[in-house]
Amino acid sequence: MAAKNREQLLHFYEDMLRIRFFEEKIRDVLLPQKLFRGSSHLAIGQEAVAVGAIHALRPDDTVISTHRGHSHALAKGMDPPTVFAEIMGRRTGCCRGKGGSMHLADESLHFMGENPVVGSNAPMAAGLALAAKLDGSGRVTAAFFGEGALNTGAFHEAANLAALWSLPVLFLCENNLYAISVPLDKSSASLDLERRAEAYGIKGQRVNGMRVMEVYDAVSAAVEETRAKSVPSYLVFDTYRFEGHHTADKQTYRTHEEALEEFRKRDPIHILEFEMIDDHTVPIPTTIQYRDRIRAEIDQAFEEALAEPWPEPDDALSGVYAEGGE
Amino acid sequence: MADPRMRNITFAQAIRTAIREEMKRDARVILFGEDVGYYGGVYGATVGLQKEFGEDRVRDTPISEMAIAGVAVGAALAGYRPIAEIMYCDFLAHASDAIVNNAAKWRYMTGGQFTLPIVFRSPGGGGAGYAAQHSQSLEAWFTHIPGLKVIAPGLPRDARGLLKAAIRDENPVVFLEHKAHYGFKGDVPAEEEVIPIGVADVKREGQDVTLVSWSKTLTFALEAAETLAREGIDVEVIDPRTLQPLDIDTILGSVRKTGRLVIAHEAVQFGGFGAEIAAQVAEQAWDALKRPPLRIGAPFVPLPYSEPMERFVIPQVEDIVAGVRAYVR
């Protein structure tokens, strides 16, 4: 790793830590203290995909996400306090408490939202890309989804249309090996996931999703082509979620040892840390400083959000329709 | 002598006029769907629009209803005003994820960050012999979804004026046309006319009974009212035009005058939109009702193919005449 990348690596490192500590706070504090409702889908283990991919985009490029989208929201620049506040159902949350963990969005950051209906965001991404193409804005759209979405009709309809219409969209598949409880080899007839869009003329690419620089380099190249030629790209990132499908998942479908072993071998944050330390890009004390600083930032973000007010019950009745129409 | 301020055009021409006027007015309006471009739509509602506005703004799509509706949602989030045509309303079942889960809720779920100005146009209805999977009247599916507006015009003038309003509206609108009604002719103003969403229209004034109907069945109701008039039954025919939001006040005002309410629609009666109107009137104008409301709708069967059976299932003019006659007597 070249020294000239030091600043960039530390930026990636910081963003990955922020996502990790944010989600650990959900797991370790919000969950036991029952500070959120429903369930929350953690991307612990998948941070390198979100951070590497989103850093390869321009700030005005649009991103659309899934139920497992805290990582994308934070990598796109959303503030932890407003995201915590949303997850805890507070009036000052990014969606005023109407969306929760699965519907984070920030229009000002071009983070168009999470779509927790699996596969459903692929056609929307094609639509966002169509708009960019008609505008001539040069924007690209990145759609994140899990490997489970590859088996939906919506993904295939969108991929075909994106290729047919030459739309500047990136389909970014986070292969974490499990669709809730069903492992990849029991849900997919072919394990060559990168070939799923080949018949539409979209050459797929398989990327190690645990190494943030590899993600960044691969997505950067894809973005360049997508932007320059207005064509879709498709990348599959091999990753792993160290936590359950969501916070209520008993994880009976895999052994604790399996997840632990994966964590020991493949934790993207450890991988990055070790590499930075090994090649003397960053000394150990710096990594500790980063960890302490980000952890304190997340602690404070949580405390801030916890002090935020609840919505009025009848706030539920407002905001269904937009006013006007002329 | 024809009124020079009016043009007598078909329902399909009215739809086309509205889209054309709005595409000329606003470059953000785009149109796409199966066969809408080169071919002009399987019912001819979009003939000539691709030629006039180009292939960028008027697009033929593959047979991919999930993509058509989903692309509309995405394009709207990015500032466009898409009109997505779903060739048969039965295929809205495919498109429903994008319409019901995404378009209807995206604004609400994100605390009002986004607007979704989309029109989902789709022809429904029977009477043309297309059997059970190409003939349904599914307005009640969509009136039940907060975040959507639902329009089901019966006359060309309303179709044109309301489609223009729908395209200008900042919210997703399900605009239901009737496939056996595209050739139906009516007077439409030569000048531009935008008809506000959520305002009912009294199509015929009367004293004895309020008859509420929409889409193609409205024209049956108007015909039935003329027949009944000759028998001395004075029917007031109300076209809500918009089902969501519903102008219940106009209906209530009429019922307070007549004391009687009949709702006639082509959709299956059980759980149909007529039930909503009957319930609201019962709740709010019980004192004015001289007898319980009457619903005239289809029996609880899929639409059959063969003509005698299809005619039997879909409420016809004579069914409305007989129903109202017995109800009033």
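# Exercises on a two-chain predicted model

Pro285(A) sits in helix H11 (residues 284-306) of chain A. The model is a predicted one.

## Exercise 1. Pro285(A)

Decide whether Pro285(A) is buried or exposed.

Solution.
- Step 1. Count neighbours: 8 other C-beta atoms lie within 10 Å of Pro285(A).
- Step 2. Apply the cut-off: 12 or fewer makes a residue exposed.
- Step 3. Pro285(A) is therefore exposed.
- Step 4. For a distance across chain A, take Ala159(A), 126 residues from Pro285(A) along the chain. Their C-alpha atoms are separated by 46 Å.

## Exercise 2. Chain A as a whole

Find out whether the radius of gyration of chain A agrees with that of a compact globule or departs from it.

Solution.
- Step 1. Chain A has 326 residues, and a compact globule of that length would have a radius of gyration near 20 Å.
- Step 2. Chain A has 19 Å, so the value agrees with the rule.
- Step 3. Add the extents: along the principal axes, the C-alpha atoms fill a box of roughly 60 × 50 × 40 Å.
- Step 4. Add burial: 52% of the 326 residues are buried.
- Step 5. Take contacts in chain A between residues at least 6 apart in sequence: 75% of them join residues at least 24 apart.
- Step 6. List the secondary structure: chain A holds eleven helices and eight strands.

## Exercise 3. Helix H5 of chain A

Compare the span of helix H5 (residues 121-135) of chain A with the expected span, then describe the surroundings of the helix.

Solution.
- Step 1. H5(A) has 15 residues and reaches 21 Å from its first C-alpha to its last.
- Step 2. At 1.5 Å a residue, 21 Å is expected, and the span is close to that.
- Step 3. Of the 15 residues, 13 are buried, so H5(A) is largely enclosed by the rest of the structure.
- Step 4. Look just past the helix: Gly136(A) has a positive phi of about 70°.

## Exercise 4. The sheet in chain B

Work out the strand order of the seven-stranded open sheet in chain B, and place helix H7 (residues 156-168) of chain B against its strands.

Solution.
- Step 1. The order is E3-E2-E4-E5-E7-E6-E12, with mixed pairing.
- Step 2. Strand E3 (58-60) and strand E12 (242-244) are the edges, each pairing on one side only.
- Step 3. From one strand to the next, the twist averages 20°.
- Step 4. Take one pair: strands E6 (residues 149-151) and E7 (residues 173-178) of chain B run parallel over three bridges. Here Lys149(B) stands opposite Val173(B).
- Step 5. H7(B) lies across E2, E4, E5, E6 and E7 of chain B. The angle between H7(B) and E7(B) is about 155°.

## Exercise 5. Two contact surfaces of chain B

Identify the elements that chain B uses where its domains meet, and those it uses to touch chain A.

Solution.
- Step 1. Assign the domains of chain B: domain 1 is 8-189 and domain 2 is 201-328.
- Step 2. Their C-alpha centres lie 26 Å apart. The contact takes 26 residues from domain 1 and 25 residues from domain 2.
- Step 3. On the domain 1 side, helix H6 (139-143), E6, H7 and E7 each supply at least two residues.
- Step 4. Turn to the chains: 37 residues of chain B are in contact with 37 residues of chain A.
- Step 5. On the chain B side, helices H3 (65-77), H4 (92-103), H5 (106-109) and H7 each supply at least two residues. H3(B) gives the largest share, nine residues.
- Step 6. Compare the lists: H7(B) appears at the domain contact and also at the contact with chain A.

Note on methods
Residues are numbered from 1 along each chain as its sequence is written. Chains are lettered from A and ligands numbered from 1 in the order in which they are written. This is a predicted model: local features need pLDDT of at least 70, side-chain atom pairs count only at pLDDT 80 or more; totals for chains, interfaces and linings use all residues. Helices (H or I, at least four residues) and strands (E, at least two) are DSSP runs, numbered from the N terminus. The expected span of a helix is 1.5 Å times one less than its number of residues. A residue is buried if 20 or more other C-beta atoms lie within 10 Å of its own, exposed if 12 or fewer, and partly exposed in between; C-beta atoms are placed from the backbone. Two strands pair if DSSP finds at least two bridges between them. Axes are lines fitted to C-alpha atoms, for helices over the stretch in contact, and angles run from 0 to 180 degrees between N-to-C directions. Two residues are in contact if their C-beta atoms, placed from the backbone, lie within 7 Å. The radius of gyration is taken over C-alpha atoms; the globule rule is 2.2 Å times the number of residues to the power 0.38. Domain bounds come from an automatic or database domain assignment.
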